[in-house]
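Have the model open beside you and turn it as you read. We will start from a single residue and work outwards, one chain at a time.

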Amino acid sequence: MSQLPRFSRARQLTASVWSGKAPDDHGSLVAARLRKLAETGSTGTLPFSGAGDGAIHFRDGDVVLARSTRTPSPDGTNGTGGAGAAGTPFTRLTAALAVAEPTIDATVELLSSEARFAKFRSAKAAVSAASPGIGVEDLLTEVARRQRILQQLAPVVTADTVVARNPHLNAPDIGVLAPQWALLIRIRDGSTPRALAWELNRSVFGTTLEIYRLLALRLLSATSPRPRPGGQEPRFGLVTMSYVRAVVAGNGSVTAGPAYSEPAYSEVATDV
Amino acid sequence: MPVLRCFRACANLRSLTGFRPGGRSARKGTFVILSEADTLLAPVTEIDGFVLAGLVDVSTGMVLASRQVADEMSLPAVAAGAADIAHVLSLLGGQLAADEALEDVMVTFGRHFHVIYPVSPDPDARIVLLVVLDRSRTNLAMARRDIRSFCTNFVS
């Protein structure tokens, strides 16, 4: 008797006899639900529960806000900051980014943690109505791109990898940007990119990338390595993160889970 | 200000990014978070030989706004390349510990110039403007002046 759940066995059987059809994974199911809500121009909230609680708020088919209990939410003051705010183009752009970034960050988390979505709750007025909406297709494309970058980083660092400052530097002198310095001075025992993101109210994805850069500069070391498939020890600092590869290699599909699987590329030293 | 000014990549970007020309083509879609992006980038489109432009957040690689006059190249791939270059140069800057900021990057391909310019004088604001220009129709010096002027107006 197979130990697989009946639903999983059914999906495997479907995939085996219908080779042209990809099995429906969690990411595809959520993506299909989001696309359906976009097509119907829905306004309201799609709640998520399970591995990561949260919600995605819609207005006229666009996503205006997403929240996850595992990522920092946008400041309340930024909720109305979007494209209509006064100021220079740069300040308007950064204000829009301040709303969009936590929304994308939360969506990545909701789709990666395999949170279950519940029944859509329609509403006449969406939350944060003044903030600019993000098209569902744009959002899913960006989420898929970020998931592929997280797959690249997974052998070195994830959002939940414990990192520590490296007391021994090979370089005689080294320079870091202010956002990286803010991370460096906050690293304590048990610090993870996710915890640092919460502390600084930044996106978990962006913080994980900055931690990766600090690892590449040998200013940090990971103290809780993720074991590789096959029992090999991870080789820190031997993976190159590439935005181009994340775009070119992608087929636009949203996957379930941050996919801590072996990346499908050869490793290249990052030492500069 | 003496800065790292010209990063001439007459060689290809393969060694830098692992890009395989024969691989699967990139998606055409772009990501725009600012509804007035078209208006914002309008001055850049007036540069002779303009092909495409985009504002890219280097810290995440996300395209924030874009304009493209022809569909001859993939904006997501080009923008990702610009973010990768800025990322590599930030690692280089970190290792050199030079007390200076990146001013601009110019990549020269056979038919195109790719100009990458940080839009904010603050090095911590990691948003860059990427402009791709047709080499046969562009005066590079004039284009650089126009891009610099655009970025100055963008933040003031």
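Gln147(A) counts as buried because it has 24 C-beta neighbours inside 10 Å, and 20 or more is what the label requires. Please keep in mind that this is a predicted model. Gln147(A) belongs to helix H4 (residues 136–153) of chain A. Its C-alpha atom is separated by 9.5 Å from that of Phe205(A), although the two residues are 58 apart along the chain.

**Chain A as a whole**

Stepping back, chain A has 272 residues, and 47% of them count as buried. Its secondary structure consists of eight helices and seven strands. If we take the contacts between residues at least 6 apart in sequence, 76% of those in chain A join residues at least 24 apart.

Chain A is divided into domain 1 (23–135) and domain 2 (156–238). Where these domains touch, seven residues come from domain 1 of chain A and seven residues from domain 2 of chain A. What classes of residue does domain 1 of chain A bring to the side that touches domain 2 of chain A? That side has three nonpolar, one polar and three charged residues.

**A helix under cover**

Phe205(A), which we met above as the residue whose C-alpha is 9.5 Å from that of Gln147(A), leads us to helix H7 (residues 204–216) of chain A. Is H7(A) mostly covered or mostly open? It is mostly covered, with 13 of its 13 residues buried. From first C-alpha to last, H7(A) reaches 18 Å, close to the 18 Å expected for its 13 residues at 1.5 Å a residue.

After H7(A) comes Arg218(A), found in the loop between H7 and strand S7 (220–222) of chain A. Arg218(A) has a positive phi of about 65° although it is not a glycine. With 19 C-beta neighbours inside 10 Å, it counts as partly exposed.

**Strand pairs in chain A**

Now look at strand S1 (residues 44–49) of chain A, which takes part in each pairing in the table below.

| Partner of S1(A) | Sense | Bridges | Residues opposite each other |
|---|---|---|---|
| S2(A), residues 54–59 | antiparallel | five | Leu46(A) and Ile56(A) |
| S5(A), residues 121–122 | antiparallel | two | Thr45(A) and Arg121(A) |
| S4(A), residues 116–117 | antiparallel | two | Ser49(A) and Arg116(A) |

S1(A) and S2(A) form a hairpin with four residues between them, and Gly50(A) in the turn has a positive phi of about 110°. Beyond S2(A), in the loop between S2 and strand S3 (62–68) of chain A, lies Asp60(A). Asp60(A) also shows a positive phi, about 50°, although it is not a glycine. Asp60(A) is exposed, since 11 other C-beta atoms lie within 10 Å of its own.

**The sheet of chain B**

Over in chain B, five strands form an open sheet in the order S2-S1-S5-S4-S3, with antiparallel pairing. Which strands stand at the edges? They are S2 and strand S3 (105–108) of chain B, each with a single partner strand, so one side of each is left without a neighbour in the sheet. From one strand to the next, the twist averages 15°. As general background, strands of a sheet pair through backbone hydrogen bonds, either parallel or antiparallel.

At one edge, six bridges join strand S1 (residues 50–57) of chain B to S2(B), and the two run antiparallel. Gly54(B) stands opposite Ser66(B) in S2(B). The hairpin of S1(B) and S2(B) has four residues between the strands, and there Gly61(B) takes a positive phi near 80°. Although S2(B) has a single partner strand in the sheet, seven of the seven residues of strand S2 (residues 62–68) of chain B are buried, so S2(B) is largely enclosed by the rest of the structure.

At the other edge, S3(B) pairs with strand S4 (residues 112–118) of chain B in the antiparallel sense over four bridges. Here Val107(B) stands opposite His114(B) in S4(B). Finally, helix H5 (residues 140–155) of chain B lies across S4 and strand S5 (127–134) of chain B, and runs at about 30° to S4(B).

Terms used:
Residues numbered from 1 in each chain as written. Chains lettered and ligands numbered in written order. Predicted model: local features only at pLDDT ≥ 70, side-chain atom pairs only at ≥ 80, totals over all residues. Buried ≥ 20, exposed ≤ 12 C-beta atoms within 10 Å, placed from the backbone. Contact = placed C-beta atoms within 7 Å. Pairing = 2+ DSSP bridges. Domains from an automatic or database assignment. Nonpolar A, V, L, I, M, F, W, Y, C, P; charged D, E, K, R; others polar. Expected span 1.5 Å × (residues − 1). Axes fitted to C-alpha atoms, helices over the stretch in contact; angles between N-to-C directions.
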